[in-house]
Amino acid sequence: MIKFKKGDTVKITSGKDKGRGGKIESIFPEESKVLIPGINMYKKHVKGSGEQKGGIYDLPRPISFSKIALVCPKCKKNTRVGFKFVDDQKVRICKKCKKEINTK
Ligand SMILES: [Zn+2]
């Protein structure tokens, strides 16, 4: 089971964006990476064609699971994710406050 979900608030724990935060926009489980708008930006050179204007665009690049920490929506702390079973459903819990973490 993947620790992170789309819409989770996370904090960057290493790399050039360390200390910054954001919301997960998409997840790439095979690569263990997530995409967070505004994080891990790089400059992409785009050739113009038709309506599309050419130039240099700042785009976010997916960042590794190992470089992010979940921010618990309940206690607002950086936390590790645990799991427990509720009515046969596996749910995520915050290891600090033990509350369930649900991201809608
Ligand atoms: Zn918590």
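**Close-up 1. Arg92 is a buried residue, with a relative accessible area of 1%.** Welcome to a predicted model, which we will explore one small view at a time. Arg92 has its place in strand β11. To follow the reasoning, recall that a residue counts as buried when its relative accessible area is under 20%. At 1%, Arg92 is therefore buried. Its side chain has company here: the side chain of Arg92 makes a polar contact with the side chain of Asp8, at 2.8 Å.

**Close-up 2. Asp8 and Arg92 form a salt bridge.** Let us stay with these two residues for a moment. Their side chains meet at 2.8 Å, counted from N to O. Asp8 sits in the segment before β1 (9–12), while Arg92 belongs to strand β11, so this pair ties together parts that are 84 residues apart in sequence. Both partners, Asp8 and Arg92, are buried. If you wonder what brings such partners together, side chains of opposite charge can pair when their charged atoms come close.

**Close-up 3. Asp17 and Arg20 meet in a salt bridge.** How many salt bridges does a search of the whole structure find? The search finds three, and the pair in this view is one of them. The side chains of Asp17 and Arg20 meet at 3.0 Å, N to O. Is Asp17 buried or exposed? Asp17 is buried, with a relative accessible area of 9%. Arg20, for its part, counts as partly exposed, at 41% relative accessibility.

**Close-up 4. A salt bridge joins the side chains of Asp58 and Lys43.** The N to O distance in this pair is 2.9 Å. Asp58 is found in strand β6 (residues 55–60) and Lys43 in strand β5 (residues 41–46), so you are looking at a link between distant parts of the chain, 15 residues apart. Now turn to the surroundings of each partner. Asp58 is partly exposed, with a relative accessible area of 45%. Lys43 has a relative accessible area of 55% and is exposed.

**Close-up 5. Four cysteines hold the zinc ion as its protein donors.** Which residues should you look for around the zinc ion? They are Cys72, Cys75, Cys94 and Cys97, and each offers its SG atom. These donors lie 2.2 to 2.3 Å from the zinc ion. The angles among the four donor atoms run from 104 to 116 degrees, and the site is tetrahedral. Along the chain, the donors follow the spacing C-x2-C-x18-C-x2-C. Cys75 lies in the loop between β8 (68–71) and β9 (78–79), and Cys97 in the segment after β11 (89–94), so this pair ties together parts that are 22 residues apart in sequence. Cys75 is partly exposed at 22% relative accessibility, and Cys97 is partly exposed too, with a relative accessible area of 24%.

**Close-up 6. Four strands line up in an open sheet.** As you trace this sheet, the order to follow is β2-β1-β8-β9, and the pairing is antiparallel. Strands β2 (21–23) and β9 stand at the edges with a single partner strand each, so one side of each is left without a neighbour in the sheet. Within the sheet, β1 and β8 pair in the antiparallel sense over three bridges. For a detail to find yourself, look for Lys11, which stands opposite Ala69 in β8. Strands of a sheet pair through backbone hydrogen bonds, either parallel or antiparallel.

Key: Residues are numbered from 1 along each chain as its sequence is written. This is a predicted model: local features need pLDDT of at least 70, side-chain atom pairs count only at pLDDT 80 or more; totals for chains, interfaces and linings use all residues. Side-chain values use heavy atoms; hydrogens and water are left out. Donors are N, O and S atoms within 2.8 Å of the metal (3.2 Å for Na, K and Ca); water is not among the atoms, so sites may look incomplete. Four donors count as tetrahedral if all angles lie between 85 and 135 degrees; four count as square planar and six as octahedral if opposite donors are over 155 degrees apart and all others between 65 and 115; anything else is irregular. Helices (H or I, at least four residues) and strands (E, at least two) are DSSP runs, numbered from the N terminus. Buried means under 20% relative accessible area, exposed over 50%, partly exposed in between (1.4 Å probe, protein chains only). A polar contact is a pair of N or O atoms within 3.5 Å; within protein, one must be able to donate a hydrogen and the other to accept it, and residues adjacent in sequence count only if both atoms are side-chain atoms. A salt bridge is a side-chain nitrogen of Lys or Arg within 4 Å of a carboxyl oxygen of Asp or Glu. Two strands pair if DSSP finds at least two bridges between them.
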